[in-house]
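Have the sequence and the 3D view open side by side while you read. We'll take a walk through the strands and the charged pairs, one piece at a time.

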Amino acid sequence: VQLVESGGGLVQPGGSLRLSCAASGSIFSIYSMGWYRQAPGKQRELVADITSGRTNYADSVKGRFTISRDNAQNTVYLQMNSLKPEDTAVYYCNAGIVQYTTQKLGFDYWGQGTQVTVSS
């Protein structure tokens with residue numbers, strides 16, 4: 001199973017970015033998908049996740065970020081608006097996946113990370 005992210009970059013404060021993460025491989029089903037971020041010197045933290053259509057957001061991004069999912073494409077998106085310098089971090093995609101081979105739900109599926117830098 002692979003998770004491949006795209007869409008990071010450099011943006012000015014107040015700007016927007018859209019991250020994408022596509023899952024591929026021997027996937028029987030996807031239970032949940034989400035985004036985490038890790039800033040230099042800080043622990044990785046949950047940004048947002050989506051499970052069976054229910055969304056969950058960190059307080060720091062509520063009202064600015066929107067997570068969505070395309071089940072047919074095994075893809076999750078993160079629309080980030082009104083970006084702030086404190087949003088600067090490496091953003092990681094995570095998924096809860098059942099593989100055909102194991103038929104067990106596992107959550108240790110991560111993308112390689114994409115850098116988001118908010119700076120003027």
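Which residue forms a salt bridge with glutamate 45, and how far apart are the closest N and O atoms? The partner is arginine 37, and the closest N and O atoms are 2.7 Å apart. Keep in mind that you're looking at a predicted model.

**Charged pairs**

Let's stay with that pair for a moment. Arginine 37 is buried, with a relative accessible area of 6%. Glutamate 45 is partly exposed, at 36%. Why can two side chains like these pair up? Side chains of opposite charge can pair when their charged atoms come close.

If you search the whole structure, you find four salt bridges. Here are three pairs with their N to O distances:

| Positive side chain | Negative side chain | N to O distance |
|---|---|---|
| Arginine 37 | Glutamate 45 | 2.7 Å |
| Lysine 62 | Aspartate 59 | 3.1 Å |
| Arginine 64 | Aspartate 87 | 2.8 Å |

Take the pair of arginine 64 and aspartate 87, joined by a salt bridge. This pair links distant parts of the chain, with the two positions 23 residues apart in numbering terms: they are 23 residues apart. Arginine 64 sits in the loop between strand 6 (54–57) and strand 7, while aspartate 87 sits in the loop between strand 8 and strand 9. Are these two buried or exposed? Both of them are buried.

Now look at lysine 62, whose side chain meets that of aspartate 59 in a salt bridge. Aspartate 59 counts as exposed, at 64% relative accessibility. The exposed label applies because 64% is over the 50% cut-off.

There's also a network to trace: salt bridges link Arg37, Glu45, Arg64 and Asp87.

**Strand 9 and its partners**

Next, find strand 9, residues 89–99. How many of its 11 residues are buried? The count is 10, so this strand is mostly covered, given that buried means under 20% relative accessible area.

Strand 9 pairs with strand 4 (residues 27–38) through 10 bridges, and the two run antiparallel. You've already met one residue here: arginine 37 has tyrosine 91 in strand 9 as its bridge partner. Glutamine 38 is matched with valine 90 in strand 9.

Valine 90 also stands opposite glutamine 115 in strand 11. Strand 11 covers residues 114–118, and three bridges join it to strand 9 in an antiparallel arrangement. Strand 10 (residues 105–110) pairs with strand 9 as well, antiparallel again, over four bridges. Here asparagine 94 faces tryptophan 110. Strands 9 and 10 form a hairpin with five residues between them, and in this hairpin glutamine 103 takes a positive phi near 55°.

**Back to strand 4**

Strand 4 has another antiparallel partner, strand 5 (residues 45–51), with six bridges between the two. Glycine 34 stands opposite aspartate 49 in strand 5. These strands make a hairpin with six residues between them, and glycine 41 in the turn has a positive phi of about 75°.

Tyrosine 31 is in strand 4 too. What does this residue help to make on the surface? Together with Leu105 and Phe107, Tyr31 makes a nonpolar surface patch of about 290 Å². Tyrosine 31 counts as partly exposed, at 40% relative accessibility.

Serine 26 is in the loop between strand 3 and strand 4. Its relative accessible area is 29%, which makes serine 26 partly exposed. Serine 26 and threonine 101 are 75 residues apart in sequence, and their C-alpha atoms are 7.5 Å apart in space. Leaving aside neighbours within four places in sequence, serine 26 is in contact with Val1, Val98, Gln99, Tyr100 and Thr101.

**The four-stranded sheet**

Finally, look for an open sheet of four strands, paired antiparallel in the order 1-3-8-7. Strand 1 (2–6) and strand 7 (65–70) stand at the edges with a single partner strand each, so one side of each has no neighbour in the sheet. On average, neighbouring strands here are turned by 15° against each other, direction ignored.

Inside that order, strand 3 (residues 17–24) and strand 8 (residues 75–80) run antiparallel and are joined by six bridges. One spot to check is alanine 22, which stands opposite threonine 75 in strand 8.

Methods. Residues are numbered from 1 along each chain as its sequence is written. This is a predicted model: local features need pLDDT of at least 70, side-chain atom pairs count only at pLDDT 80 or more; totals for chains, interfaces and linings use all residues. Side-chain values use heavy atoms; hydrogens and water are left out. Two strands pair if DSSP finds at least two bridges between them. Axes are lines fitted to C-alpha atoms, for helices over the stretch in contact, and angles run from 0 to 180 degrees between N-to-C directions. Buried means under 20% relative accessible area, exposed over 50%, partly exposed in between (1.4 Å probe, protein chains only). Patches are made of residues with over 30% relative accessible area and no salt bridge: like charges are joined within 9 Å, nonpolar side chains (Val, Leu, Ile, Met, Phe, Trp, Tyr) within 5 Å. Accessible areas come from the Shrake-Rupley method with a 1.4 Å probe; for residues, only the protein chains shown count as cover. Contact means heavy atoms within 4.5 Å.
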